[in-house]
Amino acid sequence: MLPVSLTLDPAFRVGPVRRRTFGSFVEHLGRCVYTGIHDPGHPTADEDGFRGDVIDLTRELGISTVRYPGGNFVSGYRWEDGIGPRADRPTRLDLAWHSSDPNLVGVDEFMRWSTKAGTEPMMAVNLGTRGVQEALDLLEYCNVRGGTRLSDLRRANGAVDPHDVRMWCLGNEMDGPWQIGHKTAHEYGRLAAETARAMRMIDPELELVACGSSGRHMPTFGEWERIVLGEAYEHVDYISAHAYYWEEDGDLGSFLASAVDMDQFVESVTATADAVRSAKRASKRIHISFDEWNVWYQQRAESKPPTGHDWPVAPVLLEDRYNVADAVVVGNLLISLLRHTDRVHSASLAQLVNVIAPIMTEPGGRSWRQTTFHPFAQASEHAVGDVLQVAIDAPTYETAKFGEVPVVDAVATWDAETGAVALFAVNRSLTETVELSVDVRSLPGLGRVVAATSLANPDHTWAATVDDATSVLPRHNSTAALVDGRLTAQVPPVSWNVVRLGS
Ligand code: AHR
């Protein structure tokens, strides 16, 4: 048993828990939209063709914002194709995913789905094949009350009230050579600045996200952020970060430490944004929208798009099946996002359904929760109030990718009004149970363990399937006890743990 000491203290406050940390992403990709959120023949489908079971799971997952419609898809997307009578909508080639899109779901349907799912829509505009004018057109269609051609068109299409979308992404991954309309940092920075400036002429209060890097491994990482913000600093609120390069490739120890990499990613982008701020003598700060993140096994066959003359509608793409270790890493990545709540103001788990997703569906059939569903749902439900940095005194282990890392990582939240505390912790040891000893004496009024759960399995490769999604779930951890301001709990190897304390 490895002893690990943690200390929680209200003085370690980082900032508020932000609901937008618990966002997700719906792209026209594979079966995310078609047979994912939309499946008119499904027994639970509503009058719009949306699956009721998926809406229920989205609510259970505790999703706040949902980014739409891409992703790489957006860089070739003509939003006008997806409005008006469905019979008149064209089927188009989706070059990003070598698929066809019948445009049965478009902006108005997505907004209706968002309302039903209780989520906030976050739109991306196409700055790949398109530019300032088309972004303005979409904004007019979505947000102007009426009395103009496009706002009246929306009203004629059944949406009398404006969609009032607050958060807008200025393109997607424009640093990536795979992106349709890929640009240099200077080209993109100018376009982002001019698009943002014009969009604010319609609505100065919009929250605008400039594209940051598609990953910390990109050769332009750092310089990209510096140049883009150099051009667009005054006009945007956020710089995006995307990261998917965490996967178990035979080195489980490094994989379990993936959050170290996310920490460094966030801290590097923050430093770059603040350097631009200093150079410009600006007072405002740019925050991070970590609007694509997840474990993704990119080399697996299901991540390869079709080729040649095959342009299917809703092919099986990126349908990763997640195991227990993947769930522990997803939990740890959430710990990292929460720990940086002072600078990460929004984040999107990519994606929501079927495509590298916590929710899976059979076309016309059953739906189920992947292992990664559980840490997300628990963190979204129980992270309330303020985020507290946790002081960790733990043994370390050596990793090939990230050097020496502590065996435990943790973050806590504290609701000053109710006194409720939630501790989120992972045990990254492959073999050892950890004995947590948590000093909570500085937090007032704590009298009991409200609930304690651990997600783990002797076989960390266990993955949920449509036939068995419940053999491994977060289970009650009966070892948790609170005595004289000290919480103790034993947490198993390769585990995600939540302990809630109250009066
Ligand atoms: O989420 C899958 C893809 O990953 C997105 O379309 C793209 O933005 C990223 O590269």
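User: At what angle to β19 does helix α9 (residues 324-339) run?

Analyst: This is a predicted model: local features need pLDDT of at least 70, side-chain atom pairs count only at 80 or more, and totals for chains, interfaces and linings use all residues. Residues are numbered from 1 along each chain as its sequence is written, and side-chain values use heavy atoms, leaving out hydrogens and water. Helices (DSSP H or I, at least four residues) and strands (E, at least two) are numbered from the N terminus. Helix α9 lies across β2, β15, β19, β20, β22 and β26, and its angle to β19 (0 to 180 degrees, between N-to-C directions of lines fitted to C-alpha atoms, for helices over the stretch in contact) is about 50°.

User: Which strands of the sheet does helix α10 touch?

Analyst: Helix α10 covers residues 373-382 and packs on the sheet. Its direction makes about 20° with that of β26. Touching is a contact, with heavy atoms within 4.5 Å. The strands touched by α10 are β19, β20, β22 and β26.

User: Which strands stand at the edges of the sheet that holds β15 and β26, and why is one side of each without a neighbour?

Analyst: The order is β2-β15-β19-β20-β26-β22-β23, in an open sheet of 7 strands with antiparallel pairing. Two strands pair if DSSP finds at least two bridges between them. Each edge strand has a single partner strand, so one side is left without a neighbour in the sheet. The edge strands are β2 (13-16) and β23 (475-476).

User: Which residue of β20 is the bridge partner of Ala410?

Analyst: Strand β19 spans residues 408-414, and strand β20 spans residues 421-427. They run antiparallel and share 7 bridges. Across from Ala410, the partner in β20 is Ala425.

User: Which strand stands at each edge of the sheet in the order β16-β1-β21-β25-β24?

Analyst: This open sheet has 5 strands, and its pairing is mixed. An edge strand here pairs on one side only. The edge strands are β16 (391-393) and β24 (481-483).

User: How many residues link β17 to β18 in their hairpin?

Analyst: Strand β17 (residues 396-399) and strand β18 (residues 403-406) run antiparallel, joined by 4 bridges. Glu398 faces Glu404 of β18. The hairpin passes from β17 to β18 through 3 residues.

User: How many of the residues of α3 are buried?

Analyst: Buried means under 20% relative accessible area, exposed over 50%, and partly exposed in between (1.4 Å probe, protein chains only). The buried residues of α3 include Ala135, Leu136 and Tyr141. Their cover includes α2, β7, α4, β8 and α5. Helix α3 is mostly covered, and the buried count is 9 of its 12 residues.

User: How far apart are the axes of α5 and α6?

Analyst: In α5, the contact residues include His186, Tyr188 and Arg190. Trp224, Ile227 and Val228 are among those in α6. The two helices pack at an angle of about 35°, and their axes are apart by 8 Å.

User: Which residue does a cis peptide bond join to Tyr68?

Analyst: Omega of this bond is about 5°. The second residue is found in the loop between β4 (65-68) and β5 (92-94). The partner of Tyr68 is Pro69.

User: What is the relative accessible area of Asn354?

Analyst: Asn354 lies in the loop between β12 (344-349) and β13 (359-361). Its phi is near 65°, positive in a residue other than glycine. Asn354 is buried, with a relative accessible area of 0%.
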